[in-house]
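Here is a short tour for a newcomer. Look at the chains first, then follow the text from place to place.

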Amino acid sequence: MSGKLRKIFSDGKKKLVGFASAGCPTIGESLEFMDAMLAGGVDVLEIGVPFSDPMADGPTIQASSQKALASGTTLKDVFALCKKLSRKYPEKGFVLFSYYNLIFHMGPEKFAAAAKEAGADGILIVDVPLEERREIKPVLDKFGLDLIPLVSPATPKERAREILKGIKGFVYYIIYKGVTGTRTKLPNDLKDKIGELKEASSLPVAAGFGVSDPVMAKRVAKTADGVVMGSAFVRIQLDGDLSSAKKAAKAKKLAADCRSALDQ
Amino acid sequence: MSKTHFGPYGGQFVAETLMPALHELEKAYAEAKSDPAFKAELKSLLRDYVGRTSPLYFAKRLTEKIGGANIYLKREDLNHTGAHKINNTIGQALLAKRMDKKRLIAETGAGMHGVATATVAALLGFECEVFMGELDIKRQAPNVQRMHALGAKVRSVSSGTGTLKDAMNEALRDWVATFQDTFYVIGTVAGPHPYPAMVRDFQSVIGKEARAQFKKLSGKLPDQVIACVGGGSNAMGIFHAFLKDKDVALYGVEAGGRGLKTKAHAASINGGEVGVLHGCKTYLLQTGDGQILDAYSVSAGLDYPGVGPEHSYLHDIGRVKYTAINDKEALAAFHSLCLYEGIIPALESAHALAQAIINAKRLGKGKNIIVCLSGRGDKDMDNIVNYEAKMKEKKQ
């Protein structure tokens, strides 16, 4: 169903967007892990597709990609995982979070068809900025998949307007400059920047990068429509001391704690 | 052709977080390019510091031994720091100065570009940090020492496979958080726009000189120009001036490693597929699932799984013929140049020489070939000795 992401954001509640790496440390464990995130209260799941050269990611997500590839995770596995979760949680949103080479190499049409078939609602392509969108956006449009664009603190206002044109799902506002990873302090300009985006379009704004706990999530959600948590979940995925059941339980609790912080 | 692409290749495939840095660089470079003061400063440093013009040398004894076309060498090995890399790092460092940046960062594989960047950082008073894969740090210890001596920090990169491509990822990660005061000096004609065009422009001095030198010498143009291609900066540098000379055949020589039929090579055009890496669309070595593969060559400087996007374009339109020379052929050419000319070439350049030796025989006497001798080979001696000892062991 097209427009599901937009619909998820339309009930006035603050949304929790959670990221985890598919295949980390194995595809089976990541399925259990993501299931727990969704059960705990994640509204939109960003499924990280492992790539050999994740140039925009910090050490945590890099390590998770490497683990996923080392365990033999393929695109086919990722689509199968997405399909299982989207069938089990039809009311939730699913975004594939990928680098462009994986999509380009498979063929944009084939990738989009497979993503759609797997129940994905949107695609976030880290290394496709506004300048390079023309090749992939029409294909995603054709398959009813939302392209989720990134806007950063250094994106000029006019450029942000251009980026939002033709976008249907939501926009991902990157709170910090730099690569992914958890931080402890929020920048002062967060409110103004998100305000600018809200002014530029009616699209929901999910803000993330570095959000590490429920307290921070709540503060971000004061201005944004949703908050994205990535590295905080992936750190649990990478914890070698925990059994897969314990990791899943921890992820579920983190999601639930954030959920209740956002709902307060 | 769009400003940011070469046919379908090139582009700016980076995260939104990096776009402001690229826009700033594009603008600054466009201004610098047409500023006579910038050009004059570059020219004077290339002359007085690098030692340009580099000679175009007729390799008479090698030519006689081969018994075919005349082989000329464009002696980039005689530049300060021993390779063509400095043509580019001086250009980018001057641009960084213009942009009021305080710190230079660079990626390096074999260490030559790292050394060339550390050199200009010392020359012009920048802080300098070079990203290098942990595996390469072990393999290229002398260059690490040179960088340290020049005052640069060498940051060990352990992510991925700990080689050049990972060093480039890490440099990009650093840059995205630091571009306000940091300039990223990319070492080859790859990366996001404007790097491929900018690095080519800075290296194009090689071809401009070679073309004029040969014309002065013989009153005509050479029949062939041959250069090795890893990322492809010395090749773009020497080809660029000849692109419009349709009668001059251009050869880009990739590293065939242990052979194109094995997985152990670095021939992105001859043995790869089109993809997107480090900000540009180009030919890449990759798996069926689109994961980037590690390149292999006896020559560490050719050991990159991609190639500059302009090369991909020149390949597609048929203007440049891309071939592959394997480890053994390159080593044979290395020894020939040592023995017949008293010149120790870099292993990278030896790939171009090997192709020249093949082509000289085919072309026959009276024809002329220019080879870009991109660097000197002192840095490769340990590597060559070890490699040949291993080969000998295998045979016994």
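In which loop of chain A is Pro25(A) found? Pro25(A) sits in the loop between β1 (15-21) and α2 (27-40) of chain A. A cis peptide bond joins Cys24(A) to Pro25(A), with omega at about -10°. Please keep in mind that this is a predicted model.

**The two chains**

Start with chain A. Its secondary structure consists of twelve helices and nine strands. The radius of gyration of chain A is 17 Å, close to the 18 Å that the globule rule gives for 264 residues, so chain A is as compact as a globular protein of that length. Buried residues make up 58% of the 264 residues in chain A.

Now chain B. Here there are 16 helices and 14 strands. Chain B has a radius of gyration of 20 Å, and the globule rule gives 21 Å for 396 residues; the two values are close, so chain B is as compact as a globular protein of that length. In chain B, 61% of the 396 residues are buried.

The table sets out the box that the C-alpha atoms span and the share of contacts made between residues 24 or more positions apart, out of contacts with a separation of 6 or more.

| Chain | C-alpha extent along the principal axes | Contacts between residues 24 or more positions apart |
|---|---|---|
| Chain A | roughly 45 × 40 × 30 Å | 75% of contacts with a separation of 6 or more |
| Chain B | about 55 × 50 × 40 Å | 73% of contacts with a separation of 6 or more |

**Where the chains meet**

How many residues does each chain bring to the contact? Chain A gives 30 residues and chain B gives 27 residues. On the side of chain A that touches chain B, α3 (59-70), α5 (100-106) and β6 (150-151) each supply at least two residues. The largest share comes from α5(A), with six residues. By class, this side of chain A has 17 nonpolar, eight polar and five charged residues.

**A helix pair in chain A**

Two packed helices are described by the angle between their axes and the distance between the axes. Take helix α10 (residues 214-221) and helix α12 (residues 244-263) of chain A. Their axes come within 9 Å and cross at roughly 40°. The crossing of α10(A) past α12(A) is right-handed.

Which residues make this contact? From α10(A) come Pro214(A), Val215(A), Ala217(A), Lys218(A) and Ala221(A). From α12(A) come Asp257(A), Cys258(A), Ala261(A) and Leu262(A). These residues divide into seven nonpolar, no polar and two charged.

**A covered strand in chain B**

Turn to strand β14 (residues 368-373) of chain B. Six of its six residues are buried. Both faces of β14(B) are covered. On one side lie Asn368(B), Ile370(B) and Cys372(B); on the other lie Ile369(B), Val371(B) and Leu373(B).

Which strands pair with β14(B)? Strand β4 (residues 70-75) of chain B is joined to β14(B) by six bridges, and the two run parallel. Strand β9 (residues 224-229) of chain B is also parallel to β14(B), with three bridges. Ile369(B) of β14(B) shows both pairings: Ile71(B) stands opposite Ile369(B), and so does Gln224(B).

**Unusual backbone spots**

Most residues other than glycine have a negative phi, and most peptide bonds are trans. The Cys24(A) to Pro25(A) bond, described above, is cis. Chain B has a cis bond too: the one from His193(B) to Pro194(B), with omega near 10°. Pro194(B) is in the loop between β8 (182-185) and α9 (195-203) of chain B.

Then come two residues with positive phi. Phe209(A) is not a glycine, yet its phi is near 100°. Phe209(A) lies in the loop between β8 (205-208) and α10 of chain A. Is Phe209(A) buried or exposed? Phe209(A) is buried, because 26 other C-beta atoms lie within 10 Å, and 20 or more are needed to count as buried.

His278(B) is not a glycine either, and its phi is positive at about 50°. His278(B) is found in the loop between β11 (273-277) and β12 (279-284) of chain B. With 28 C-beta neighbours inside 10 Å, His278(B) also counts as buried.

Notes:
Residues numbered from 1 in each chain as written. Chains lettered and ligands numbered in written order. Predicted model: local features only at pLDDT ≥ 70, side-chain atom pairs only at ≥ 80, totals over all residues. Contact = placed C-beta atoms within 7 Å. Helix = DSSP H or I, 4+ residues; strand = E, 2+ residues; numbered from the N terminus. Nonpolar A, V, L, I, M, F, W, Y, C, P; charged D, E, K, R; others polar. Rg over C-alpha atoms; globule rule 2.2 N^0.38 Å. Buried ≥ 20, exposed ≤ 12 C-beta atoms within 10 Å, placed from the backbone. Axes fitted to C-alpha atoms, helices over the stretch in contact; angles between N-to-C directions. Left-handed = near helix turned anticlockwise from the far one by under 90°. Pairing = 2+ DSSP bridges.
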